[in-house]
Amino acid sequence: MRIFKRTHMCGDLRKENIGEKVVLNGWIQKRRNLGGLIFCDVRDKTGITQVVFNDKIPQELFERADKLRSEYVVGIKGEVLERESKNMELPTGEIEVFADDLIIYSEADTPPIYIKDDDNVDDNLRLRYRYLDLRKKKMQDNLTFRHNLVKLTRDYFSENGFTEVETPMLIKSTPEGARDYLVPSRVNNGKFYALPQSPQMFKQLLMVGGTDRYMQVVKCFRDEDLRADRQPEFTQIDLEMSFVDVDDVIEIQEGYLKRVFREMKGVDIETPFPRITYDEAMERYGSDKPDTRVGFELNDITGLVKNCDFKVFTDAIAAGGSVRGICITGAADKYTRKKIDKLTEAVRSYGAKGMVWMKVNDSEVTSSVNKFFSQEQLQEIADAMKAESGDLILIVSDKNKVVFDSLGFLRRHIAGELGLLDDNQYNLLWVVDFPLFEYDEETDSYHAMHHPFTSPKAEDAHLLKTEPTKAKANAYDIVLNGVELGGGSIRIHDRDMQEDMFRALDMSQEEIDEKFGFLVEAFKYGTPPHGGLAYGLDRLVMLLTGEKSIREVIAFPKNQNAQCMVSEAPGVVEEQQLDELGIRLK
């Protein structure tokens, strides 16, 4: 088969190319036959060029052009001419190519989805025919953006002394928070590898091994329920540095993000970024990844209402909880009772049993709990919230986690409903000094908030043996507009402290030796102090491209059931394969 060697991509031609002989390859976007003229839009990843065939060309060529249909793959030779009817919405809209030769590389059936960005097709259909969906300009732009971001990432960290090192994909299963994906071993029947949830222990071993500064763009795997910004396999920008403290790690990352925004978005962000503690983030915003583009900060009115007649408040306080609220400026008239009821239902998913509302007017304060409070008491609460006429107050009472989660959700959700979240505003900040341990109600036990290799703050190191749940972690998260871009910590590098950490997690010596013995052993031979951070690459690309789901920036993502709709994975395997692995299905 003949192949035309293209001279230009379809989105490249401009007025400056008029008079040139060119060769294009691509797909037919659409075709129009006007009798003596056939117009075709030819598309590749860069854009579209209009191609014209007229009846002055050889009859056989004109007849071949008449057979063209959407998604045929073609090669075109011709001359660039100025277009009579210009389309200024297209970068190539001032020119067209007058064709004098054509190859049809392959024909196409009518595709099950339209190849255009605004097709509004069902997501499952898009994933089923992902290879067609990828032809859309938006998808190609997203993949190109991702490629350029990864290239910038490698360049930046290489310039700053980092070495990219690949770590193993088949590792030992260790408890890191989520379920592992397990891979049975044929050679060692009855034993299993795990796919890495992160390269955490291996990058620490690289520090023991003298690599000094490590980075990797790496696949990670977690067997957990999916959502818009979560996939079973995802990509991290993984980093580790020796002989550093928190400030050193943060300085390198701020330089990286400043370069990302300048080169990828044309935005000059100011450094250093603000830093707030975990406790301050929860108290002010109800979230450890606060969106600071809007106010609506939390107000604690526990002391104000502890002796009131409203049992819902006093019971929550008696149980060790709190009563807190947010004031939404000028929103009293924008939220009807029906809309407020929807908000109340929404916070139930965060564990709240209900929500109290108040509307502040010039003459009075109206509320869903009017019968339990005098007008003076309601006004006192409004004053504590710094509310003015026209403001809406929303109050939740329960244990602190429920209160924080509920109000943290409400402030961002309502800001979105009111159109107050500017996608062109980039508020970056660091959240630091996390708790070292986090309580899990389901198991009635504590677990490491980040992971068991996170170092306590120096002044809290002694608490590991006495009151570990009071210790703060030498950990830090980088947050952009209410989304965690990445997180990291200074690691434990002392083997005794590492074993103390494991014991604080109620691990026996046998468990420590079985699951982490190789790491503890490595620490016997001289370990530098070290720390690092990992970004979620998919999430970073999603935010920078303005997408709402990481599926839009991954070539072949899984659906909500962790299935690949193209290849139909996971699938069944033959009995012989199971026999070789020593596995029998129930």
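**Entry 1: the eight-stranded sheet**

I opened the notebook with the open sheet of 8 strands, whose order reads E6-E9-E10-E22-E21-E20-E17-E11 with mixed pairing. I then looked for its edges and found strand E6 (163–164) and strand E11 (275–277), each pairing on one side only. A reminder to myself before going on: this is a predicted model.

**Entry 2: in from the E11 edge**

Which strand does E11 pair with, and in which sense? I found E11 joined to strand E17 (residues 428–432) in the parallel sense, over 3 bridges. For a handy landmark, I noted that Arg275 stands opposite Trp430 in E17.

**Entry 3: strand E21 and its neighbours**

Next I turned to strand E21 (residues 483–490). I counted 7 of its 8 residues as buried, so E21 is largely enclosed by the rest of the structure. The cut-off behind that word is under 20% relative accessible area.

On one side I looked at strand E20 (residues 475–480), which runs antiparallel to E21 and is joined to it by 6 bridges. Here Asp477 stands opposite Gly487 in E21. E20 and E21 form a hairpin with 2 residues between the strands, and Asn481 takes a positive phi near 50° there.

I also followed E21 to strand E22 (residues 530–536), and this pairing is antiparallel too, over 5 bridges. In this pairing I marked Gly486, which stands opposite Tyr535 in E22. Tyr535 turned up again when I looked at the rings: ring pairs link it with Tyr156, Phe157, Phe162 and Tyr256 into a cluster.

**Entry 4: more aromatic rings**

How many aromatic pairs does a search of the whole structure find? I got 18. I picked Phe502 and Phe516 for a closer look: their ring centres are 4.6 Å apart and their planes sit at 10°, so I logged the pair as stacked. The cut-off for that label is planes under 30 degrees apart. Phe502 belongs to helix H14 (residues 495–504) and Phe516 to helix H15 (residues 509–522), so the pair ties together parts that are 14 residues apart in sequence. Are these two rings' residues buried or exposed? Both Phe502 and Phe516 came out as buried.

**Entry 5: strands E3, E4 and E5**

I went back along the chain to strand E5 (residues 95–106), which pairs in the parallel sense with strand E3 (residues 47–54) over 2 bridges. Strand E4 (residues 73–82) runs antiparallel to E5, with 10 bridges joining them. Val97 in E5 was my favourite spot here: Val51 stands opposite it, and Val80 stands opposite it as well.

**Entry 6: the whole protein**

I finished by stepping back. I counted 17 helices and 22 strands in the protein, and its C-alpha trace spans about 95 × 75 × 55 Å along the principal axes. Of the 586 residues, 48% count as buried. The accessible surface comes to about 29400 Å², and carbon and sulfur atoms own 47% of that.

I checked contacts along the sequence too. Among those between residues at least 6 apart, 67% join residues at least 24 apart. For charges, I tallied 79 positive and 102 negative side chains, with the centres of the two sets 4 Å apart.

Methods
Residues numbered from 1 in each chain as written. Predicted model: local features only at pLDDT ≥ 70, side-chain atom pairs only at ≥ 80, totals over all residues. Heavy atoms only, no water. Helix = DSSP H or I, 4+ residues; strand = E, 2+ residues; numbered from the N terminus. Buried < 20%, exposed > 50% of the residue type's maximum accessible area, 1.4 Å probe, protein only. Contact = heavy atoms within 4.5 Å. Areas by Shrake-Rupley, 256 points an atom, 1.4 Å probe, with all protein chains shown as cover. Lys, Arg positive; Asp, Glu negative; His and termini not counted. Charge placed at Lys NZ, Arg CZ, Asp CG, Glu CD. Pairing = 2+ DSSP bridges. Phe/Tyr/Trp six-rings, centres within 6.5 Å; stacked < 30°, edge-to-face > 60°.
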